Amino acid sequence: MAGLVTRDWHEWYRDYDDPASSLSARLAVVRSQLAALLAAAAPGPVRLLSLCAGDGRDTLPVVAESGAEVSAVLVELDGELASAARRSAAQLGLAGVEVRTADAGDTTCAAGGVPADVVMACGIFGNVTDDDIARTVDTLPSLLAPGGVVVWTRGCRSPEDPSDWEGDPAEHVRSLFAAAGFEEVEFVRPEERSFRVGVHRWPGPPAAYRPGTRMFEFVGS
């Protein structure tokens with residue numbers, strides 16, 4: 001697909017092997033936020049959608065440890081990473097998890113998995129244009145149930161950053177969520193790290209799911 005990132009995601013994932021890396025620290029924060037959301041969820045099934053899910057390491061272990069009744073759709077374009085996520089789900093005994101090898105930037109990927117109570121949008125906003133971030137935020141209500149939450153990440157500016165925003169680009173993301181009517185639940189900005197993690201709630205009203213809507217495409221880096 002034209003415009004998709006040329007980064008070697010398998011090489012990028014090797015940073016997880018270093019427990020001192022920023023990526024490992026971000027993973028810990030994302031997992032803790034998801035764990036808190038699942039622990040606070042109302043009794044009954046929880047529907048989760050993970051976009052650009054990779055090998056599922058930010059969601060699958062948390063779901064397995066939570067004891068919550070979770071049905072999840074994980075969407076990952078890379079076939080090897082998607083296969084790794086399927087293996088992990090099977091090893092963890094997560095029968096309610098479906099891993100789809102599909103383009104997470106198109107809402108068609110979520111068919112049958114929405115409206116979701118939790119949408120994971122991690123590792124996306126630092127790889128797409130400002131216009132695509134705005135388009136994604138505006139589209140997210142159609143993937144969420146009223147009261148549903150989005151967990152998102154954003155790295156601080158790097159030389160290859162696609163954003164034209166001056167200053168911390170995570171502040172731009174926060175402003176977009178606010179303008180779209182979301183309520184901020186958490187925003188984590190570690191002083192010693194370059195990543196940010198946000199959690200925003202969609203208060204409603206319900207929004208119609210629209211398959212075939214383009215949210216984002218990764219840019220070259």
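Tyr-16 is buried, with a relative accessible area of 13%, where buried denotes under 20% relative accessible area, exposed over 50% and partly exposed the range in between (1.4 Å probe, protein chains only). The structure is a predicted model, in which local features require pLDDT of at least 70 and side-chain atom pairs count only at pLDDT 80 or more, whereas totals for chains, interfaces and linings use all residues. Residues are numbered from 1 along each chain as its sequence is written, and side-chain values rest on heavy atoms, with hydrogens and water left out.

Tyr-16 is located in the loop between helix H1 (9-13) and helix H2 (22-40); helices (H or I, at least four residues) and strands (E, at least two) are DSSP runs numbered from the N terminus. With residues up to four places away in sequence not counted, Tyr-16 is in contact (heavy atoms within 4.5 Å) with Leu-23, Ser-24, Arg-26, Leu-27 and Arg-57. For Arg-26, 10 residues apart from Tyr-16 along the chain, the C-alpha separation from Tyr-16 is 9.7 Å.

Strand S1 (residues 46-51) is mostly covered, 5 of its 6 residues being buried. Strand S1 pairs in the parallel sense with strand S2 (residues 70-75) over 6 bridges, pairing being assigned if DSSP finds at least two bridges between two strands. Within this pair, Leu-51 stands opposite Val-75 in S2. The connection from S1 to S2 passes through helix H3 (residues 60-66) and forms a right-handed β-α-β crossover; right-handed signifies that, with the strands pointing away from the viewer, the path from the first strand over the helix to the second runs clockwise. S1 is also joined to strand S4 (residues 116-121) by 3 bridges in a parallel arrangement, with Leu-48 opposite Val-118 in S4.

These strands belong to an open sheet of 7 strands with mixed pairing, in the order S3-S2-S1-S4-S5-S7-S6. Strand S3 (97-100) and strand S6 (183-188) stand at the edges; each has a single partner strand, so one side of each lacks a neighbour in the sheet. The twist averages 15° from one strand to the next. Helix H6 (residues 169-179) lies across strand S5 (144-155), S6 and strand S7 (195-201), and runs at about 165° to S5. Axes are lines fitted to C-alpha atoms, for helices over the stretch in contact, and angles run from 0 to 180 degrees between N-to-C directions.
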